Each structure stands twice: as C-alpha cells, then as structure tokens.
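Q: I'm new to this one. Can you walk me through it?

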Amino acid sequence: MCAACSRLGGQRKSLLMSRIASILLPMPLPEAFDYAEPDGMGLEVGDQVAAPLGPRLVHGVVTALREAAGGNRPLKPVEALLDAPRLPPNTLEFVQWAARYAVDWPGQPLAIALRGARAPKPRPVKVLELTGQAPQRLTPARSKVLQAAAVQALAPAELARAAGVSTGVVKALVDEGVLAVRVIEAQARFDDPDPSRPGAQLNASQAAAAGALKAMLAESGFNVALLDGVTGSGKTEVYLEAAAAALAADPAAQVLILLPEIALTQAVIARVTERFGAPPGEWHSDVPPPARRRVWDAVAGGRCRIVVGARSALFLPFPDLKLIVVDEEHDASFKQEEGFIYHARDLAVVRAKIEGAGVVLASATPSLETLRNAETGRYRWLRLSGRHGIAQLPQISLIDLRETPPEQGRWLSPPLVEAMGETFQRGEQTLLFLNRRGYAPLVLCKACGQRMTAPDTDSWLVEHRYSGRLVCHLTGFSMPKPRICPHCGAHDSLVSIGPGVERVEEEARQLFPDARVSVFSSDTIFDAREAKRMIEAMADGHIDILVATQAAAKGHNFPNLTLVGVVDADLGLRGGDLRAAERTYQLLAQATGRAGRRDRPGRALLQTYAPEHAVMQALVAQDRDAFVAAEMAEREMAGLPPFGRLAAVVVSGLDPAALETFVRAMAQAAPNTDGVAIYGPADAPLGLIRGRRRKRFLVRADRTVDLSAYMATWRARVKPPASVRVAIDIDPYSFL
Ligand code: ADP
C-alpha cells in the first residue's frame, strides 16, 4: 500500500451512495473492480483513489462511473479520492488498448503509467516573500533583492543569485522582517521551452525534411513520418525543428522524444536545452523517485512540455501530446521483454493515433517493419542525403580472419593493430566495438573439459576480471572464480575462452602502453551520470582507445574518432533468428557510423570469418537498399514480419511433468483458424532459467488475422496449474 493510502485509514466516508465506480488497480488482475462512490465524493474518470482490497488499501484509477441500479449486492465504498492529478482519458484509453494488444491484464500497463504517481513527493521548499514592511535602510544591494523578490518568491540562495548579492544581504532582510519564509510544496517548475529561438542553419536536404514535417503537423491529427538519413546526416536537428513547430502552434502542446538507451538521453537533453532555452523533463529508470514524481505531476498538469526519455515515458499522463519522436526507431532496446511485454516504437504509433498526434521515426537503418510501412505509403518517407557539411561516411573494409588471423591468444588482427597504430600516431581516436560484456564469455577446465555453468539456468558463466567473478548474464547470479574445478577437483585448471570487452582492453593496453584506454559497458558504467562523463571524456579527446559494447556504439558524436574496429563482426549472425541479419547490419552500420563525423575522414575495419556474407558485402558497398530488398524478399516468401505476424508463448514450470502435461493440453486447445499456424511446443533454446523449465510455441499468422484476439481466445481455454506460468509475446524479438 502506498503512503498516501495508508494515511487515509480510518477516515471512512458516509455510505450514502448512488454511483458505482469501476476502479482499475495497478496489478495483475483480469479487470477493473466495482466500488460504491460515497455520497459527495464527486469522482470523475481518471481520478486516483484509495480503495480496499481484502484487508489492504490500494491505489487505483477510476475507469468508469455508472448509476447504481436498485437491488445490486452491496459494494465496498471507495476509501478516498487522492490529492493527485487525474489521468487524462487518452492515457487511460492507451493503457487499455496496450493491454488488449499484449494479451495481458490492464493493471500491468497501468502500473507503468502510475510509476511516477506513486513515487514520494519531493520535499517542500522554503521561499522568501515580501511582507510589506519597509527596510530600515535602503542600500543598492537591498533594492536589488526587493526587486527580485517582487518578481518571484525564491529560495534564499536563489534570491541572492537572482539579485546578484551575497546571501548575507538576504538574511539581514529576513531578520528585519522585510522578507518572510513560506514553506511551499515543491511544484515542478519546468521553464517553458521557447520555440522561437533559432535552431541550426539547416542544409537543403534537412530544410526539405523539416518543411515536410511541419506541413504534416500543420495538417493536425495522426500522421507518421520516417526520417531516414545516414549516421551524422543531422536527423536530430530536423526533428527538433518539428518539435519547435509543434510547440509554437499550440501553447499547451507537449512533445515526447523517446530514445533506446539511457546513455543517449544525456546528449539529447543537452541539445533540447540549447535549442529551446529550457531543460526537458527526463524520464528513465535512473531518475530518482522524487524527480520522477516531479516530472509525472508536471506532465499531467501540462507544466512540462518536452520529455526526453526511455521507453516507459510513453505511459506518462500527457494531456496535450502533439508529437512523439522515436529516435533510433530500429533499436531492439525499445522492446520491453519482461513483465508487461511491449514494443515502445509500435505503441508510440498507437498512442499518437489515440492522441491525434504526429510521429517521427528517425533512423539511419530503419527496421523492416517501418520501411515496409514507408514503401506502402502508410508512413511519409523523408530521406536526408549524405552527412551534414563536409563530413563523409567512413570507408568500410573487411579483414578476413582466415587470411590474417590474430596471434595465438589475441583478438586483434595485424591489419587492425596497424591501423590503430597509425590513428594513435596522428593523435586521433579509435573505437573498438565488441558486443560482449566481461572478460571471457566462457570458462572451462582444461583437465576435464567441463564448462562452468550457472546452477539453475542454461547459461555459461561469463568471466569478469574487474570483479573477479563468474556471472550469469541472464539472471545476475555470480560466484567468485574458483581455484579448484568443481567438476574434477583439478587445481588452477580453469581457462578463459574467447574475448569480452575487458580482454580486448587488456590487449589494447599491452599493444599501446602509452595510449589512454577505457572500457564502456554496462558493467563499468553504472548510471546516466557516469555514462555522460565517459562520453564527454571521449568527445573531448581524453581517451585514445575506447573499447565498447553497443551501449557506446550508438548515436554519439565523437569529433576526433576516425577509426572503428569491429572485433567480431559475425557475432550477431550466430544462432541466427529471424532478425539476425537485419540486427547485425543495423548494429554494425551504427558502430562504424561513429567514425569520421567531422572534417577528418574515417574508416572502419570489420574482422570476420564470413566476408562473403550478404551483411558484410552490404556494409562494404554501403548499399542498404540492396540488402533490405533481399531481406524483404526472403521474409515475404516465408510470410514472416513485416509480411506476416508472429506471437510466441513461453510456458515455464518448476515441475517438468506438470509442465509437459500442460503444454500438451495447451496445444490441443489451440483454436483452429484460417491463416494461423502453430509450431511447438518445443524445448526453448534457453531450457532452464532460475530453476524453471521452459517450453515455447511460435504462432505465425497472416496480416489480416487479429492475432491478439486469437491469442486471448486460446489462453482463455486453458487454466495453468499454480506451478506453471504462461507468457504471451506478441511480435517477439527474442526466440530464446
Ligand atoms: P544524426 O542524428 O543524423 O546522426 P546529428 O543530428 O547528431 O545527426 O548531426 C551530426 C552532427 O552534425 C552533430 O554534431 C550536429 O550538431 C551537426 N549538424 C547537423 N546538422 C547541422 C546543421 N544544419 N548545422 C550545423 N551543424 C549540424
């Protein structure tokens, strides 16, 4: 129970009542529950309330109100109307739509929508006000304070700063009774963004795209545009122009900019602040709860007009949302895979439709789903030609590891090492990209050959040298690296196989002892502030060689970076699923796109064992269109997305026999519908996670099928035993 609700215990309202309130609770329950509205409470749809659930009081939202017909069974009354902003009707509609689409309980997305509403409020602040009493003497410094205090009640230090005087002057005026302290609720103050401030001088291609976006927004109503331009073409400047147009057209308009990684939010926040003269609201999991509450309340109150955030920002209670930008729209990080499963890009389009807002999907390597919508004319397609200014795309070449392998026990091949040496000599920077955290992805015993695995999960433990531990990347389980093999008892027999970023860092340090080498991965960078510091250090030239996972390989501008080395270009292709080639292409195009973003030409070297692979060839030729055409043709033949639809079902259980019986019954219960094929049940590739065995179904459907409705019907036909869990994943991105 939240603190607000617990304080209300005991203050029961009068039980005279005439209306029934449906209240949705932010928890996994099948529907909203009915409560009686106490007389005089005056509820409205969207109100946040406290309501009894069993012995507890819980926080919920009113979704409907109706007159009570006589003869109904008595209902429990709503306990209290909370002093909190109302959820706008569109936000509620969006929450309910999202739940239906995902075949999940509506309380799940509601819990995301209320995340900030339930956080503790920021502490009240003390401000100084003029009392009306005249000062005993009036010096120039004191006059400045009185003038500043007349404009706005400010905290003592802020008032001193605004008046340009020392805090002593302010304190003396308080002591004299000229100023008095007032304690106020810390209302979120978000300065109004100023869309009339000048933006960058756009080049012709940018100006054309910005013009088209402004025209789209002027039409008003729901519209989607794909902003398609190579890395460094200046897409951010273009969508900021669109944001300016939306803000200027309507003084209440709100804009949401979604980014796939927390590490990217800082740079965009800085650019938004510069462009509009006011910082936007920031929303992601690293934002502390009171700050989230500030943003949530201000968004609901229309006082925060621009939000820059990660995927869950999509559930904020915007009353006047007019534009959503999804930057790096192709990025798989927009897919939330745990708890409530959703894809923020797809839901952004849905939310915009409900709001009657515009959407800009920006990418250098758009997803096939979005490209298909652009090709068929559902989305407008705006293409930027080339990089901004004199910057050129990097020259991309392949290093065939079969011909020029690295030395024994090393991971960087001679041509890459040579290029790094030249780059370092010129005082320029290198980015080594390897999408693998830790030191080594696999540890095995050279005496008995056994691999070190997690105790309750089908995964190999990854060695991390910084922490000296073996870690399961799926569950977070970790243990110190043992001296003795747990399988055969041999001493000092464990060897590290393969490279992770920490190992490549070690090699780079050995090769270039004078170079400043750093690692950027989620193990070394814990929060948004640390990420910002590292990115600034790189941008300011304080690092010579940065070894990074994808966390640093996307979106950033490093002016002095001229060489990108991809340590293992084939990594994403192994164990390939539906999107393996597409994802590899996108990731490598992003990573190589970091090179040569200013006046110095850049190059990228890709280490591969498969230089003939279509992905490698497309990257070298910088021929995205040919690659996309070939991928589209394959998907079309197989009826796979974007030409068909997929859903996955993961069924997991602690008891293998009960699981087996249930998945068989589930297979039997599948509705028979034209245009739907079911594959499975099969053992999931990750057959065991946290002690739970896992089985999967994959469902393929024609585009005309309402796959969510189909899955809901199927699920309603079976009742899993308590030990079995069923998770439905519409439009799956993971097949593990
Ligand atoms: P993208 O988002 O397409 O990767 P950015 O918007 O980050 O590209 O632009 C790349 C770089 O070029 C940035 O440093 C940006 O400030 C600069 N830039 C882009 N457009 C302009 C412009 N019209 N005038 C000046 N600088 C620009």
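A: Here is a short tour, from the overall build down to single residues.

Q: What kind of model is this, and how are residues numbered?
A: This is a predicted model: local features need pLDDT of at least 70, side-chain atom pairs count only at pLDDT 80 or more, and totals for chains, interfaces and linings use all residues. Residues are numbered from 1 along each chain as its sequence is written, and side-chain values use heavy atoms, leaving out hydrogens and water.

Q: How many helices and strands does the protein have?
A: The protein has 21 helices and 31 strands. Both are DSSP runs numbered from the N terminus, with at least four residues for helices (H or I) and at least two for strands (E).

Q: What about its radius of gyration?
A: It is 29 Å, which agrees with a value near 27 Å for a compact globule of 736 residues. The radius is taken over C-alpha atoms, and the globule rule is 2.2 Å times the number of residues to the power 0.38. Along the principal axes, the C-alpha trace spans about 85 × 75 × 60 Å.

Q: What share of the residues is buried?
A: Buried residues make up 53% of the 736. Buried means under 20% relative accessible area, exposed over 50%, and partly exposed in between (1.4 Å probe, protein chains only).

Q: Where is the largest nonpolar core, residue-wise?
A: It has 47 residues, and those with the most contacts inside it are Leu256, Leu258, Val307, Leu314, Phe315 and Ile324. Such a core is a set of buried Ala, Val, Leu, Ile, Met, Phe, Trp, Tyr and Cys residues joined through side-chain atoms within 4.5 Å.

Q: Which elements build this core?
A: Several supply at least two residues each, including helix H2 (89–102), strand E9 (254–258) and helix H11 (344–355). The largest share, seven residues, comes from H11.

Q: Why would nonpolar side chains be buried together?
A: That is a general tendency in soluble globular proteins.

Q: What is Phe315 in contact with?
A: Leaving aside neighbours within four places in sequence, its contacts include Phe94, Val95, Ile112, Phe340 and Leu347. Contact means heavy atoms within 4.5 Å.

Q: What other core is there?
A: Apart from that one lies another core of 37 residues, among them Ile396, Leu546, Ala569 and Leu606.

Q: New topic. Is Thr236 buried or exposed?
A: Thr236 is buried, because its relative accessible area is 14%. Thr236 sits in helix H8 (residues 235–249). Not counting residues up to four places away in sequence, Thr236 touches Arg271 and Asp327.

Q: And Ser459, buried or exposed?
A: Ser459 counts as buried, at 11% relative accessibility. Its place is the loop between strand E19 (442–445) and strand E20 (462–464). Beyond four places in sequence, Ser459 touches Thr453, Ala454, Cys472 and Leu474.

Q: Where are cis peptide bonds?
A: One joins Pro641 and Pro642, with omega about 5 degrees. Another joins Gly680 and Pro681, with omega about 10 degrees. Pro642 is in the loop between helix H19 (624–638) and strand E28 (644–653), while Pro681 lies in strand E29 (residues 676–689).

Q: Which residues other than glycine have a positive phi?
A: Gln622 is one of them, with phi near 50 degrees. Arg690 also has a positive phi, of about 45 degrees. Gln622 is partly exposed, with a relative accessible area of 35%. Arg690 is partly exposed too, at 48%.
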